[in-house]
Amino acid sequence: MSGEEDAVAVETPAALLGEKMDANTALQLVLRKSLAHGGLARGLHEAAKAIEKHAAQLCVLAEDCDQPDYVKLVKALCADHNVNLMTIPAAKTLGEWSGLCKIDSEGKARKVVGCSCVVVKDYGEETEALHVLQEHLKSH
């Protein structure tokens, strides 16, 4: 339930400002929405299973992953199964965006666990953030 409330809280400032959404903000909103709908696979084992079953629509990889074999495996699986791959700088950030943390009463993330790989199996519902993210993926 708190995942849905967080998604609304995060979505509101971008909508109020009327500014063009960047790819990272769009990715954050898409991950939150997907988490609320149960469409995320977090970690190497879950991600590899989702990609192998052709259920993956998007894969997000942390750049600061210190295991070269891990990165090589995820990139190879994505290439073999034609899954879009995005990278973000920090595993802690990816862990927070994918719900691997506790949210305190002030709405701040606490006890964030790092996550090097997340796969989106189900986007949930159509949002502006999803369209921004899909345009970004087409252009790269």
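1. Two strands pair if DSSP finds at least two bridges between them. By that rule β2 and β6 pair: 4 bridges join them, and the two strands run antiparallel. One of the matched positions is Val 60 of β2, whose bridge partner in β6 is Val 118. Keep in mind throughout that this is a predicted model.

2. Next, the other neighbour to look at beside β2. β2 and β3 pair in the parallel sense, over 5 bridges. Leu 58 has Asn 84 of β3 as its bridge partner. Between these strands the chain passes through α4, and the resulting β-α-β crossover is right-handed.

3. How many of the residues of β2 are buried? 5 of its 5 residues are, so the strand is mostly covered, given that buried means under 20% relative accessible area. In a regular strand the side chains alternate between the two faces of the sheet. Both faces of β2 are covered. Leu 58, Val 60 and Ala 62 lie on one side, and Cys 59 and Leu 61 on the other.

4. β6 also has both faces covered. Cys 117 and Val 119 are buried on one side. Val 118 and Val 120 are buried on the other. Besides its bridges to β2, β6 pairs with strand β1, residues 40–42, in the antiparallel sense over 3 bridges. There Leu 40 stands opposite Val 120.

5. Helix α4 covers residues 68–80 and has 13 residues. From first C-alpha to last it reaches 18 Å, close to the 18 Å expected at 1.5 Å a residue. After the helix comes Asn 82, with a positive phi near 55°.

6. Which residues of α4 are buried? They are Tyr 70, Val 71, Val 74, Leu 77 and Cys 78. These residues cover an arc of only 135° around the axis, which puts them on the same side of α4. On the other side, Pro 68, Asp 69, Lys 72, Ala 79 and Asp 80 are exposed. The cover over the buried residues includes α3 (44–52), β2 (58–62), β3 (84–88) and β6 (117–120).

7. Check the cysteines. The whole structure holds 0 disulfides. Why is Cys 59 not bonded to Cys 78? The closest cysteine sulfur to that of Cys 59 is the one in Cys 78, at 3.7 Å, too far for a bond. A disulfide needs the two sulfur atoms within 2.5 Å. Cys 78 is likewise in no disulfide. Both residues are buried: Cys 59 has a relative accessible area of 0%, and Cys 78 has 4%.

8. Ile 51 sits in helix α3. Is it buried or exposed? Ile 51 is buried, with a relative accessible area of 2%. Leaving aside neighbours within four places in sequence, Ile 51 is in contact with Ala 56, Cys 59, Leu 77, Cys 78, His 81, Val 83 and Val 119. Both cysteines of the previous point are in that list. Ile 51 and Val 120 are 69 residues apart in sequence, and their C-alpha atoms are 9.7 Å apart in space.

9. Helix α2 spans residues 23–36. Its 14 residues should span 20 Å at 1.5 Å a residue, and its end C-alpha atoms are 20 Å apart, which agrees. Of those residues, 10 of the 14 are buried, so α2 is largely enclosed by the rest of the structure. The buried residues are Ala 23, Ala 26, Leu 27, Gln 28, Leu 29, Val 30, Leu 31, Arg 32, Lys 33 and Ser 34. Note that Arg 32 and Lys 33 are in this list. Just after α2, Gly 38 takes a positive phi of about 75°.

10. Finish with Ser 34, in helix α2. At 0% relative accessibility, Ser 34 counts as buried. What does Ser 34 touch, not counting residues up to four places away in sequence? Its contacts are Gly 39, Leu 40, Val 120, Asp 122 and Tyr 123. Leu 40 and Val 120 are the residues that stand opposite each other where β1 meets β6.

Technical notes. Residues numbered from 1 in each chain as written. Predicted model: local features only at pLDDT ≥ 70, side-chain atom pairs only at ≥ 80, totals over all residues. Heavy atoms only, no water. Expected span 1.5 Å × (residues − 1). Buried < 20%, exposed > 50% of the residue type's maximum accessible area, 1.4 Å probe, protein only. Arc of directions from axis to C-beta. Contact = heavy atoms within 4.5 Å. Right-handed = clockwise from strand over helix to strand, strands pointing away.
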